[in-house]
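Subject: Structure handover

Hello,

Here is the structure I promised to pass on. Please open it alongside this email; my notes follow below.

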Amino acid sequence: MSVICIFLLFVSLVVGEQLDEPSRINGGQSVNETVPYQVSMQIFRRGRWQHFCGGSIVSSQHVLTAAHCVEKMRVEDISVVTGTLNWKTGGLRHKVVGKHVHPQYSMSPRIINDIALVKVTPAFRLHRGDIGTIHLGNSDRIGEKVPVRLTGWGSTTSTSASAVLPDRLQVLNYRTISNEDCKQKGFRVTGNEICALAVHGKGACMGDSGGPLIKPGLQPQLVGIVSYGSATCAQGHPDVYTRVSSFLPYISKVINQDLP
Ligand SMILES: *[C@@H]1O[C@H](CO)[C@@H](O)[C@H](O)[C@H]1NC(C)=O
């Protein structure tokens, strides 16, 4: 059984026996064109804004992210940055005015329903070419061996004592595996998660949490939200994502009823 670790920066919450050191998207490439739906979620610490999780724009005022990213955060302490490849500079900053964590989110005995939405103000500048929503697709389940794409500012090392985030957004193209395969590789996933696996040296890491896994194409579709993986990143273990297609009613309820 792998030691399970959520990919949240700072809060090294480990569901297992021991904690290893943080790492990033390992083995990815720098992104050269803006990813319109990608946001950096930031917290004000020691006099400056610090990236802690990723997220995806799903409406003019909502970001989809992981529950573990925002569960313990006060909305007044966090903000959302859009329209930039570099989380430290450029882009537009939005105040967070509300969060909605899935009511059945749980960390124990396994991580389930790791999904949340945050509401921002002012509304996103969706008319700008470098800022836009991502399609959620329909309720069809994504199968195995499907090419998918992860983007994030998570740590780029798997062993350093303190995570060093890349300034520039990173991308990793890899493939889904079946949930059965994911279970055999040590993760107690349910039908509401989806796993992806790359070769040793490539994978999600600390700071990638909450960020998007998409199925690329003419109309890219959001299929996963970075949830957890092994405590040492990119060591040939799968990355586990919240399966977006399982939560479409929840997402539209929060957006349309405009909660909170
Ligand atoms: C972006 O450009 C850099 C430098 O030319 C290159 O190394 C990298 O592979 C490019 N990224 C992608 C995703 O093509």
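A residue is called buried if 20 or more other C-beta atoms lie within 10 Å of its own, exposed if 12 or fewer, and partly exposed in between, with C-beta atoms placed from the backbone. Keep that in mind for strand β14 (residues 221-230): 9 of its 10 residues are buried, so the strand is largely enclosed by the rest of the structure.

Two points on provenance. This is a predicted model, in which local features need pLDDT of at least 70 and side-chain atom pairs count only at pLDDT 80 or more, while totals for chains, interfaces and linings use all residues. Residue numbers start from 1 along each chain as its sequence is written.

**Overview**

The protein chain has 3 helices and 15 strands. Helices (H or I, at least four residues) and strands (E, at least two) are DSSP runs, numbered from the N terminus. The chain holds 260 residues, and 48% of them count as buried. Contacts here mean C-beta atoms, placed from the backbone, within 7 Å of each other. Among contacts in the protein chain with a separation of 6 or more, 71% link residues 24 or more positions apart.

**The barrel**

Six strands form the closed barrel: the order of these 6 is β4-β5-β6-β9-β8-β7, and the pairing is antiparallel. From one strand to the next, the twist averages 45°. That angle is taken between N-to-C directions, on a scale from 0 to 180 degrees, using axes that are lines fitted to C-alpha atoms. Strands count as paired if DSSP finds at least two bridges between them.

Within the barrel, β8 (residues 92-101) pairs with β9 (residues 116-121) in the antiparallel sense, over 6 bridges. V96 has V120 in β9 as its bridge partner.

A116 also sits in β9. It has 25 C-beta neighbours inside 10 Å, so A116 counts as buried. Beyond its neighbours within four places in sequence, A116 contacts T65, A66, A67, C69, V70, K99, H100, V101 and H102. For A116 and C69, the sequence gap is 47 residues and the C-alpha to C-alpha distance is 8.4 Å.

**Around β14**

Which strands pair with β14? Strand β13 (residues 212-215) does, antiparallel, over 4 bridges. Strand β15 (residues 239-243) is also joined to β14 by 4 bridges, again antiparallel. K215 has Q221 in β14 as its bridge partner. I225 is matched with T242 in β15.

The hairpin of β13 and β14 has 5 residues between the strands, and G217 there takes a positive phi near 155°. A234 lies in the loop between β14 and β15. A234 is not a glycine, yet its phi is positive, at about 55°. With 26 C-beta neighbours inside 10 Å, A234 counts as buried.

D208 comes before this group, in the loop between β12 (193-197) and β13. It has 35 C-beta neighbours inside 10 Å, so D208 counts as buried. Leaving out neighbours within four places in sequence, D208 contacts F7, I25, G54, G152, G154 and V226. D208 and L165 are 43 residues apart along the chain, with their C-alpha atoms separated by 9.9 Å.

**Backbone points to check by eye**

- S108 to P109 is a cis peptide bond, with omega near 5°. P109 is in the loop between β8 and β9.
- T121 and P122 are also joined by a cis peptide bond, with omega about -5°. P122 is in the loop between β9 and β10 (147-152).
- K145 is in the loop between β9 and β10. Its phi is near 60°, a positive value in a residue other than glycine. K145 counts as exposed, because it has 9 C-beta neighbours inside 10 Å.

**The ligand**

Which residues are around the ligand? They are Q29, S30, V31, N32 and V171. A residue is included if its C-beta atom, placed from the backbone, lies within 6 Å of the molecule. By class, the shell has 2 nonpolar, 3 polar and no charged residues. Here Ala, Val, Leu, Ile, Met, Phe, Trp, Tyr, Cys and Pro count as nonpolar, Asp, Glu, Lys and Arg as charged, and the others, Gly among them, as polar.

Best wishes

Terms used
Two residues are in contact if their C-beta atoms, placed from the backbone, lie within 7 Å.
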